[in-house]
Amino acid sequence: QEVQEVEEVEEVEEEQKVEDKQNLRKLFLQKGYTLSEDDLMCTLATPRGRALAKKLRSTSDSDSANKEKIEQQIEERQQTHKLQKQASQKSTDPQTIVDKQNIHKMFCRLGYTLSEDDLETTLASKKGMALAIKLRGTGF
């Protein structure tokens, strides 16, 4: 009986993944972006992607105001991605390297481990850049 319950749960999760991919693909197509299967899987593998999929699920029968919020989040995500690309292109700048080191040290002291991508993403955001500027004078 437990095996049957596990199989049913797995089946529901698989159906949900298919629905999530369809919803994401549709939303991005509305914005003029075509996502590959890999892009969809990568998006759903992130916390923001899962949150977006969850919102799309809950708003599939909701009003257009919720859809506008989701579209705004997509636009913000696209802007963040654009900033990430710009930041990664500048990552050989000596000050950027120092900023990354400072942010990495600060998060390590707080018990968090950041990957290179996490550091790039942090520095690409407005708050991350503000943090980097604050850390410059602290001796981190």
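Just after helix α1, Gly32 takes a positive phi of about 95 degrees. That is where I'll start, and I should say at once that this is a predicted model.

The helix before that glycine, α1, covers residues 2–30. It has 29 residues and reaches 42 Å from its first C-alpha to its last, close to the 42 Å expected at 1.5 Å a residue. Which residues in α1 are buried? They are Asp20, Lys21, Asn23, Leu24, Leu27 and Phe28. On spacing in general, an α-helix has 3.6 residues a turn, so residues three or four places apart point the same way.

Now the chain as a whole. Its secondary structure comes to 7 helices and 0 strands, and along the sequence the pattern reads α-α-α-α-α-α-α. The chain has 140 residues, of which 24% count as buried. About 10000 Å² is exposed, with carbon and sulfur atoms supplying 51% of that area. Among contacts with a separation of 6 or more, residues 24 or more positions apart account for 55%.

Confidence next. The average pLDDT for the chain is 81, and 85% of the residues score at least 70. The lowest confidence is in α4, with a mean of 71. The highest is in helix α7, residues 126–136, at 89. Please keep the α4 value in mind for the next part.

On to the cores. The largest nonpolar core has 11 residues in all. Leu24, Leu27 and Phe28 belong to this core, and these three are also among the buried residues of α1. The other members are Leu35, Leu40, Leu44, Leu52, Ala53, Leu56, Ile70 and Ile74. Which helices each supply at least two residues of this core? They are α1, α2 (37–44), α3 (47–59) and α4 (64–89). Apart from this core lies another, of 7 residues, including Met106, Leu119, Leu123 and Leu135.

Leu52, from the largest core, deserves a separate look. Leaving out residues up to four places away in sequence, Leu52 touches Leu24, Leu27, Ile70, Gln73 and Ile74.

Towards the other end of the chain, take Thr122, in helix α6, residues 116–124. Is Thr122 buried or exposed? It counts as buried because its relative accessible area is 19%, and the cut-off is under 20%. With residues up to four places away in sequence again left out, Thr122 touches Ile103, Gly128 and Met129.

Gln95 is found in helix α5, residues 94–109. Its relative accessible area is 33%, so Gln95 is partly exposed. Gln95 and Ala132 are 37 residues apart in sequence and 9.7 Å apart in space, C-alpha to C-alpha.

Last, the cysteines. How many disulfides does the count come to? The count comes to 0 disulfides, taking sulfur atoms within 2.5 Å as the criterion. Cys42 is exposed, with a relative accessible area of 52%. Cys108 is partly exposed, at 38%.

To recap: 7 helices and 0 strands, a largest nonpolar core of 11 residues, another core of 7, and the lowest confidence in α4. I'll take questions now.

Key
Residues numbered from 1 in each chain as written. Predicted model: local features only at pLDDT ≥ 70, side-chain atom pairs only at ≥ 80, totals over all residues. Heavy atoms only, no water. Helix = DSSP H or I, 4+ residues; strand = E, 2+ residues; numbered from the N terminus. Expected span 1.5 Å × (residues − 1). Buried < 20%, exposed > 50% of the residue type's maximum accessible area, 1.4 Å probe, protein only. Core = buried A, V, L, I, M, F, W, Y, C linked by side-chain atoms within 4.5 Å. Contact = heavy atoms within 4.5 Å. Areas by Shrake-Rupley, 256 points an atom, 1.4 Å probe, with all protein chains shown as cover. pLDDT = per-residue confidence, 0-100.
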